[in-house]
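Reader: I would like a close look at the sheet of this model and at what surrounds it. Could you take me through that part carefully, in one connected account?

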Amino acid sequence: MIVITAPTGNIGQRLLSLLVEAAPAQGEELRVVVRDPARLPEAVRGRVEVVVGSHGDAATVERAFAGADAVFWLVPPDASVTPDEAYSGFTRPAARAFAAHGVGHVVGVSALGRGTPQAAQAGLVTASLAMDDLIADSGVAYRALANPSFFENLLEEADSIRDNGVFTDTVAADRPAPLVAVADIAAAAAGLLLDRSWTGVGSVPVLGPQDLSPDDLARIMTEELGRPVRYRRRPLDELRSDLLGHGLNEAFVEGMVDMKRAKDRGLDSGVDRSPAGPATGFAQWCAQTLKPAVLAAPEAVDAR
């Protein structure tokens, strides 16, 4: 029995699609934890067991993890609380349930940075690494998928890219860093959940095929979209003001700012790439995912 949390999110929906096809052939049953079952794709509703509720709720995870052999763990974003509450606070009931029900293996979505000089002051990443430690201390075999920033973050800039030819971030224009497509994270999770021959605690970096700077991204987007795209670096103070203006928790905002500062100082750098599996290139992702979003009519983008 494999349990999937957050099965309707960017990573979870892709993982669910992979496991629905692959798990039955290996004798695996699937169970999902979801707040709103109507958001599950109609094609999979009859092929999985559904536990309704939040996987941050103690009673829900007690039901969800009974009889489970493996769990995919992903904390949903919650900018209304502190980083510690958003990660470890949300995860604590699940960690108790892992131990109580003898769950053998857990695969979690986390971040790069462990062991770097920046790790202790990296805001949301620091909180995510503490969550990994909490899960590991529950006694399960654990693999943290250590991810850099996602290609998909650029979808939030589709309007700006289309209308102004500009995308923004807070890192130096010439700083190369790894990035990843969410489909590759889902594929890595599926592999670990279906082949549970691994033991102990560790992290698995999930990276795109090469490090890219914002200037590199602008060049590739220009080529793939057929229109000029340039990068504008945002000051951290501007980011902080914008986030606070949207009513986010002040400590969470500081966690976001600290993470961005740490990334600009090399938090994600220096990770060895594994030659084992295929990885989605940025040009490929642009052509398949970003280009349709940028070229869509504004009202169609708003409706997504």
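Author: **The sheet and its surroundings**

Buried residues make up 50% of the 304 residues in the chain, and since the model is a predicted one, every value that follows is computed from predicted coordinates. The chain holds 12 helices and 11 strands, and its C-alpha atoms fill a box of roughly 55 × 40 × 40 Å along the principal axes. A compact globule of 304 residues would have a radius of gyration near 19 Å, and the chain, with 19 Å, agrees with that expectation. Of the contacts in the chain with a separation of 6 or more, 78% are between residues 24 or more positions apart.

The part you ask about is an open sheet of 7 strands, which run in the order E3-E2-E1-E4-E5-E6-E10 and pair in parallel. Strand E3 (49-52) and strand E10 (201-205) stand at the edges, and because each has a single partner strand, one side of each is left without a neighbour in the sheet. From one strand to the next, the twist averages 20 degrees.

Within this order, strand E4 (residues 70-73) pairs with strand E5 (residues 105-111) in the parallel sense over 4 bridges, and Trp73 stands opposite Gly108 in E5. Helix H4 (residues 83-101) packs on the sheet here, touching both E4 and E5, and its direction makes about 175 degrees with that of E4.

On from E5, the pairing with E6 is again parallel and extends over 7 bridges, with Ala111 standing opposite Asn147 in E6. Strand E6 (residues 141-147) is mostly covered, since 7 of its 7 residues are buried. In a regular strand the side chains alternate between the two faces of the sheet. In E6, Ala141, Arg143, Leu145 and Asn147 point one way while Tyr142, Ala144 and Ala146 point the other way, and all of them are buried.

Strand E1 (2-5), another member of the sheet order, is followed by a loop that leads to helix H1 (10-22) and contains Ala6. Most residues other than glycine have a negative phi. The phi of Ala6, by contrast, is near 50 degrees, a positive value in a residue other than glycine. With a relative accessibility of 15%, Ala6 counts as buried, because the cut-off for that class is under 20%.

Beyond the sheet, a loop between helix H10 (250-264) and H11 holds Gly270. Gly270 has 73% relative accessibility and therefore counts as exposed, and its C-alpha is 9.5 Å from that of Gly113, although the two are 157 residues apart in sequence.

Helix H11 (residues 282-295) in turn packs against helix H8 (residues 214-225) at an angle of about 65 degrees, with the axes 9 Å apart, and the crossing is right-handed. On the H8 side the contact is made by Leu217, Ile220, Met221, Glu224 and Leu225, and on the H11 side by Phe282, Ala283, Cys286, Ala287, Leu290, Lys291 and Val294. By class, this contact has 10 nonpolar, no polar and 2 charged residues.

How values were computed. Residues are numbered from 1 along each chain as its sequence is written. This is a predicted model: local features need pLDDT of at least 70, side-chain atom pairs count only at pLDDT 80 or more; totals for chains, interfaces and linings use all residues. Side-chain values use heavy atoms; hydrogens and water are left out. Axes are lines fitted to C-alpha atoms, for helices over the stretch in contact, and angles run from 0 to 180 degrees between N-to-C directions. Helices (H or I, at least four residues) and strands (E, at least two) are DSSP runs, numbered from the N terminus. A crossing is left-handed if the near helix is turned anticlockwise from the far one by less than a right angle, and right-handed if clockwise. Contact means heavy atoms within 4.5 Å. Ala, Val, Leu, Ile, Met, Phe, Trp, Tyr, Cys and Pro count as nonpolar, Asp, Glu, Lys and Arg as charged, and the others, Gly among them, as polar. Two strands pair if DSSP finds at least two bridges between them. The radius of gyration is taken over C-alpha atoms; the globule rule is 2.2 Å times the number of residues to the power 0.38. Buried means under 20% relative accessible area, exposed over 50%, partly exposed in between (1.4 Å probe, protein chains only).
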